[in-house]
Amino acid sequence: MPANDTRSALHSARAIIARVRERQPLVHCITAAVSMGLVADGLLASGARPLMTETLAEAPYLTTEADALVINLGTLSTDAAAAIPATVEAATAAAMPWVLDPTAIGTAPVRTPLARRLLAFSPAIICANASEARALAGEAHRGRGADSTAQPTEARSAAELLAAGTGGAVTVTGAVDLILDADRSGEVAFGDELMSRVTGTGCLHTAIAAACAAVEDDPYVAAHAAATWLGVAGQRAGKVTRRPGTFRIALLDAIDEVKDEA
């Protein structure tokens with residue numbers, strides 16, 4: 001992508017990125033075990049702070065101390081399945097923005113009905129690939145594990161339905177992210193193909209979206225800023241290395257670099 005386009009996109013997200021750095025929001029993440037390290041490090045690189053617990057005894061209580069909540073169903077444990085509804089309810093009661101990542105839903109017998117049940121609590125942002133968005137909206141569709149078998153544009157109608165029902169924003173992730181709410185839509189075409197070869201970049205996207213929602217009341221604006229931030233960071237990391245192991249480190253560095261520029 002031309003440098004001028006990158007600068008223009010970053011300019012529109014700059015105020016939110018700067019507020020994340022200044023306010024250092026605490027983001028409570030009930031997220032996939034395989035990606036907790038990357039999510040925590042990525043939040044710290046952004047200027048936010050991570051909090052991670054998933055037990056019913058503690059998660060609903062601790063979330064009231066946070067500024068935003070992430071619910072990611074990636075490696076859904078029995079503890080998390082029990083704690084998630086009460087934790088979301090606590091966040092909602094505290095008028096706290098929360099973000100839903102319905103990872104790998106479709107035919108899974110626990111996470112699919114759980115994700116649909118959580119829609120009643122009106123997430124500020126839903127981050128999902130196209131297959132997940134279609135399944136969440138009730139369409140007969142499934143991906144391959146956590147991977148999508150559809151393109152973001154194929155999930156537009158599902159995303160519109162979800163946005164209308166929740167009153168929030170929906171990000172359909174892919175090579176070109178589709179972002180919309182009831183009134184607006186846009187695309188973010190940054191990133192790098194190596195992002196799909198590092199476990200947890202989608203989980204990190206969700207967490208950064210929550211950090212942005214913690215400092216920005218408009219979910220659509222927060223979702224767009226998060227996609228831009230991570231996408232530009234991924235694009236820059238791809239210029240540093242073409243190997244997935246070093247890309248992970250380069251991505252964290254680039255998130256911090258974008259933060260400092262903002």
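This is a short conversation between a student and a tutor about helices and single residues in a predicted model.

Student: How do you know that helix H10 spans about what its residues should?

Tutor: Helix H10 runs over residues 244-261, which is 18 residues, and at 1.5 Å a residue these should span 26 Å. The end C-alpha atoms of H10 are 25 Å apart, so the two values agree.

Student: Which residues of H10 are buried?

Tutor: Among them are Phe247, Ala250, Leu251, Ala254, Ile255 and Val258. Here is a handy rule for reading such a list: an α-helix has 3.6 residues a turn, so residues three or four places apart point the same way.

Student: Why are H9 and H10 called oblique to each other?

Tutor: The axes of helix H9 (residues 219-240) and H10 cross at roughly 125° and come within 8 Å. Perpendicular pairs stop at 115 degrees and antiparallel ones begin over 145, so an angle between those limits counts as oblique. H9 and H10 are therefore oblique, and H9 passes H10 in a right-handed crossing.

Student: What makes up the contact of H9 with H10?

Tutor: Residues including Trp229, Leu230 and Ala233 in H9 meet residues including Phe247, Leu251 and Ile255 in H10. The residues of this contact divide into twelve nonpolar, two polar and four charged.

Student: What makes H8 oblique to H9?

Tutor: Helix H8 (residues 201-215) and H9 pack at an angle of about 135°, with their axes 8 Å apart. That angle makes H8 oblique to H9. H8 passes H9 in a right-handed crossing. Leu204, Ile208 and Cys212 are among the H8 residues that meet H9, where the partners include Ala222, Ala226 and Trp229. The contact of H8 with H9 has eleven nonpolar, two polar and no charged residues.

Student: Why is threonine 112 called buried?

Tutor: Buried means under 20% relative accessible area. Threonine 112 has 3%, so threonine 112 is buried. This residue is found in helix H5 (residues 111-118). Leaving aside neighbours within four places in sequence, threonine 112 is in contact with Ile105, Gly106 and Thr107.

Student: And why does glutamine 24 count as partly exposed?

Tutor: Partly exposed lies between the 20% and 50% limits. At 40% relative accessibility, glutamine 24 therefore counts as partly exposed. Glutamine 24 sits in the loop between helix H1 and strand E1, and has a positive phi of about 50° although it is not a glycine.

Student: How do you know that serine 122 is partly exposed?

Tutor: Serine 122 has a relative accessible area of 36%, so the label is partly exposed. Serine 122 lies in the loop between H5 and strand E5, and its phi is positive, about 50°, although it is not a glycine.

Note on methods
Residues numbered from 1 in each chain as written. Predicted model: local features only at pLDDT ≥ 70, side-chain atom pairs only at ≥ 80, totals over all residues. Heavy atoms only, no water. Helix = DSSP H or I, 4+ residues; strand = E, 2+ residues; numbered from the N terminus. Expected span 1.5 Å × (residues − 1). Buried < 20%, exposed > 50% of the residue type's maximum accessible area, 1.4 Å probe, protein only. Contact = heavy atoms within 4.5 Å. Axes fitted to C-alpha atoms, helices over the stretch in contact; angles between N-to-C directions. Parallel < 35°, antiparallel > 145°, perpendicular 65-115°, else oblique. Left-handed = near helix turned anticlockwise from the far one by under 90°. Nonpolar A, V, L, I, M, F, W, Y, C, P; charged D, E, K, R; others polar.
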